[in-house]
Amino acid sequence: RSSRSWRSNDCAIGKSMNLWPTWLPLRQDLRELSAYGAPQVPADAVMNTNENPYPLSQELSAAIAARVLDAAKNLNRYPDRDATVLRNKLAQFINSLSATKLTDENIWAANGSNEIIQSLFMAFGSGSALGFTPSYSMHPLIAKVTGVSWINGSRREDFTLDYDSALAQIQREKPVLTFITTPNNPTGSSLSINEIEKLAKATPGLLVIDEAYAEFSEETSAVTLIEKYPHVVVIRTMSKAFAFAGVRLGYLVADKAVIDAMYLVRLPYHLSALTQAAGEVALDYQEELLANVARLRADREKLAQEIVALGLTVVPSDANFLLFGGFTKPAAQLWKEMLERGVLIRDVGLLGYLRVTIGNEAENKKFIDSLSACLGEK
């Protein structure tokens, strides 16, 4: 099951060009694409998009509502276009986790990490970009949309990164942007800080470390490398560990020169006053929000053991999801059978594998019970 058999189910390739009206001047290179999106269908257990299963507390919800109500009094005015208060709080948060000395000048906040990825391509995409697949499917998609040449680097058969091979690929391709996702999506594997530093020493252009799931891993964050290696940039999000997916708030941690470049390509007032207000309150409640991270880690290990007990295989994960395989049915068939039982998981396009997000206790039980039943059906 080579990583070379990977395809993204998030953006279907091969849509008939004839489906677009002839009068529509859509770019030729976009005509074969369909829009990104995981299936949004009713299910008892929604375990396909790596969301945090635990909702905000009543106290925190009320605090956000009060702050938003206060911000609403000035919605006739544009928001702080620099999101200064939010960026200061994000810098303090990262410093508390990684013993760094970052300031707001090292932070850029945006509408989810995808806007950050897009802005990086827009600002620095003068050459090619390299990523090691299977990985986050939006990297190559956004590269295509922004007109940047994307190179699919390779991984080992077990989806881990072969560093000698990766270094050789970087030296051969000389990309302006090299993407490393750790923990990796959809596999869950992580890189150590020593391994990332070796890549940083050999990488031209920018080394982009996508750390969307960093809080679920015990590895040291790449933000600790920025002072020594200013071409290392780190993407983070509040969607996962912070249970803030509905707010759409991501942020970039980087050298001041990189942050300054983001302002050249950003849209004016791109981060609403309401988003900034909600994010500021969430960071004030960070201990409460991150309290479930340890719980999800423990549940991840328990769920992995239960999947293995069913005779399947699980790829070791440092994220809040598990990639599993070893079933004899086609992945698409098993996915459908699970949905028929009320469990929505993810077909990530890896031959012989499916992915499940760690849910709450009831969701995890329903997943295992349903999976056991589906495996027993011929």
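## Threonine 181 and its surroundings

At 6% relative accessibility, threonine 181 counts as buried. This is a predicted model, and threonine 181 is a good place to begin a tour of it. The residue belongs to strand 5, which covers residues 177-181. Its side chain makes a polar contact of 3.0 Å with the side chain of serine 135. Setting aside neighbours within four places in sequence, threonine 181 also has Tyr136, His139, Arg155, Ser189 and Asp210 among its contacts.

Just beyond it comes a feature worth finding on the screen: the peptide bond between threonine 182 and proline 183 is cis, with omega about -5°. Proline 183 sits in the loop that runs between strand 5 and helix 6.

## Helix 4, an enclosed helix

His139, one of the contacts of threonine 181, is also one of the buried residues of helix 4. Helix 4 spans residues 138-145, and six of its eight residues are buried, so the helix is largely enclosed by the rest of the structure. Those buried residues are Met138, His139, Pro140, Leu141, Ile142 and Ala143. What lies over them? The cover includes helix 3 (112-124), strand 4 (150-153), strand 5 and strand 6 (206-210).

Both sides of this helix have something to look at. In the loop between strand 3 (129-132) and helix 4 you will find proline 134, and the peptide bond leading to it from threonine 133 is cis, with omega near 5°. Just after helix 4, glycine 147 adopts a positive phi of about 75°.

## Arginine 87, a buried charged residue

Now move to helix 2 (residues 84-98), where arginine 87 is located. Is arginine 87 buried or exposed? With a relative accessibility of 6%, it counts as buried, because the cut-off for that is under 20%.

Which backbone oxygens lie close to polar atoms of the arginine 87 side chain? One belongs to aspartate 82, at 2.9 Å from a polar atom of that side chain. Another belongs to aspartate 104, at 2.6 Å. Leaving out residues up to four places away in sequence, arginine 87 touches Asp82, Asp104, Glu105, Ile107, Trp108, Ala109 and Tyr263.

## Helices 5 and 6 side by side

Helix 5 (residues 163-173) packs against helix 6 (residues 193-202) at an angle of about 20°, and their axes are 10 Å apart. That angle makes helix 5 roughly parallel to helix 6. Their crossing is right-handed.

On the helix 5 side, the contact is made by Tyr163, Ala166, Leu167, Ile170 and Gln171, while helix 6 brings Glu195, Lys198, Leu199 and Ala202. Sorted by class, this contact has six nonpolar, one polar and two charged residues.

## Two residues with a positive phi

Most residues other than glycine have a negative phi. Two residues here are worth a look with that in mind. Asparagine 50 has a phi near 60°, a positive value in a residue other than glycine. Its place is the loop between strand 1 (45-46) and helix 1 (58-72), and asparagine 50 is buried, with a relative accessible area of 1%.

Alanine 99 has a positive phi of about 55°, although it is not a glycine. This alanine is found in the loop between helix 2 and strand 2 (107-110). Alanine 99 counts as exposed, at 70% relative accessibility, whereas asparagine 50 is buried.

Methods: Residues numbered from 1 in each chain as written. Predicted model: local features only at pLDDT ≥ 70, side-chain atom pairs only at ≥ 80, totals over all residues. Heavy atoms only, no water. Axes fitted to C-alpha atoms, helices over the stretch in contact; angles between N-to-C directions. Helix = DSSP H or I, 4+ residues; strand = E, 2+ residues; numbered from the N terminus. Parallel < 35°, antiparallel > 145°, perpendicular 65-115°, else oblique. Left-handed = near helix turned anticlockwise from the far one by under 90°. Contact = heavy atoms within 4.5 Å. Nonpolar A, V, L, I, M, F, W, Y, C, P; charged D, E, K, R; others polar. Buried < 20%, exposed > 50% of the residue type's maximum accessible area, 1.4 Å probe, protein only. Polar contact = N/O pair within 3.5 Å; in protein donor to acceptor, adjacent residues only side chain to side chain.
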